[in-house]
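Here is a short set of exercises to work through with the model open beside you. Try each task yourself before reading its solution.

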Amino acid sequence: AAPFAARADQLKIERLLNLLNVTASQRFSAADPQRFGLDKPLLRLAFNAETLAFGGLNPISNEQYVAAAGGVYLIPPQAAADAYGKAIDFADKQLLASTEEPIGFTLPGLKLQRDDKGKWTGAADLSQDSLNAFADRWRNALASVVQPIAENGKGEAASLLLASGKTLPLRILRQAPDLILAREDEGLQYHFPAAIGEALLNPSAKP
């Protein structure tokens, strides 16, 4: 109803696409949709020209009635579990895309830079291994919640320098009780538990 651009959670998308390969245990005539709870479907999914409508559960087998291709089929109810959610639930919770490698950080009280030889500068009290691990924490940062940004332009400015040469601006909307980082280029904000948030802002913190 209201599409938006975002990196998709590939695992959830693959599970939805697997619906096209589900084997039904039984097939029924579609002449009486009310019998199967399909007069008012719980959910409709469209795959190109194919539309699936999901109805009620069979009281004996606990399988779900699905209307497709002119018939009604019984399939495992968990097959469509991911589809019962909001559109934002399909956004990737990974803060950085797989192609985004940070080689520089401008964060509150911290400025780090990796040179062409792979050496980090900006935190002489930390080992190169510790700083490499810090960069890896950012590369692998997985949010607990992703939401549309509530207020653009709010929060403390921060940025990452990527290996591609691009500077990725961020905003720190909140540090406690959890860390909320906004990517205004995506229009999304990423929520991290306190321990992960501390590890992302402080390279000497224990992840």
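On a 1 Å grid over the protein atoms alone, a pocket is an open set of points where a 1.4 Å probe fits, with protein on both sides within 12 Å along at least five of seven lines; its lining residues have an atom within 4 Å of a point. Grid points are joined across faces, edges and corners, and a volume is the space filled by probe spheres set on the points. The model is predicted, so local features need pLDDT of at least 70 and side-chain atom pairs count only at pLDDT 80 or more, while totals for chains, interfaces and linings use all residues. Residues are numbered from 1 along each chain as its sequence is written, and side-chain values use heavy atoms, with hydrogens and water left out.

**Exercise 1. Two pockets**

Task: find the volume of the largest pocket, and sort its lining by class.

Solution. Step one: the largest pocket holds about 270 Å³ of space. Step two: its lining is made of A1, A2, P3, F4, A6, R7, A8, A87, F90 and A91. Step three: sort them, with Ala, Val, Leu, Ile, Met, Phe, Trp, Tyr, Cys and Pro as nonpolar, Asp, Glu, Lys and Arg as charged, and the others, Gly among them, as polar. You should get 9 nonpolar, no polar and 1 charged residues.

Task: which strand gives the most to the lining of the second largest pocket?

Solution. Step one: this pocket has a volume of about 200 Å³, and its lining includes L19, A24, E50, F54, V66 and Y73. Step two: look for strands, which are DSSP runs of E with at least two residues, just as helices are runs of H or I with at least four, both numbered from the N terminus. At least two lining residues each come from β3 (50–57), β4 (64–68) and β5 (71–75). Step three: β3 gives the most, with 3 residues. By class, this lining has 11 nonpolar, no polar and 1 charged residues.

**Exercise 2. Two residues to compare**

Task: are G71 and A24 buried or partly exposed?

Solution. Step one: recall that buried means under 20% relative accessible area, exposed over 50%, and partly exposed in between (1.4 Å probe, protein chains only). Step two: G71, in strand β5, counts as buried because its relative accessibility is 2%. A24, in the loop between α1 (10–17) and β1 (26–29), counts as partly exposed because its value is 30%. Step three: list contacts, meaning heavy atoms within 4.5 Å. Leaving out residues up to four places away in sequence, G71 touches R27, F28, A30 and V66. With neighbours within four places left aside, A24 is in contact with Y73, L74 and I75. Step four: check distances between C-alpha atoms. G71 and R27 are 44 residues apart along the chain, yet 6.7 Å separates them; A24 and G122 are 98 residues apart in sequence and 60 Å apart in space.

**Exercise 3. The sheet**

Task: what is the order of the strands in the open sheet of 8 strands, and which strands lie at its edges?

Solution. Step one: two strands pair if DSSP finds at least two bridges between them. Step two: the order is β8-β7-β6-β10-β11-β12-β13-β9, with antiparallel pairing. Step three: β8 (120–121) and β9 (145–148) are the edge strands, each pairing on one side only. Step four: follow the bridges. β6 and β7 are joined by 4 bridges, and F105 stands opposite L112 in β7. Between β7 and β8 there are 2 bridges; Q113 stands opposite T121, and R114 has W120 as its bridge partner. Step five: look at the turns. The β6 and β7 hairpin has 2 residues between the strands, and G109 there takes a positive phi near 70 degrees. In the β7 and β8 hairpin, with 5 residues between the strands, G118 has a positive phi near 85 degrees.

**Exercise 4. The cores**

Task: how many residues are in the largest nonpolar core, and which element gives the largest share?

Solution. Step one: a nonpolar core is a set of buried Ala, Val, Leu, Ile, Met, Phe, Trp, Tyr and Cys residues joined through side-chain atoms within 4.5 Å. Step two: the largest has 31 residues, and L95, F105, L107, L112, W138, L160 and F192 have the most contacts inside it. Step three: α2 supplies the largest share, 4 residues. Step four: apart from this core lies another, of 13 residues, among them L45, F54, A80 and A83.
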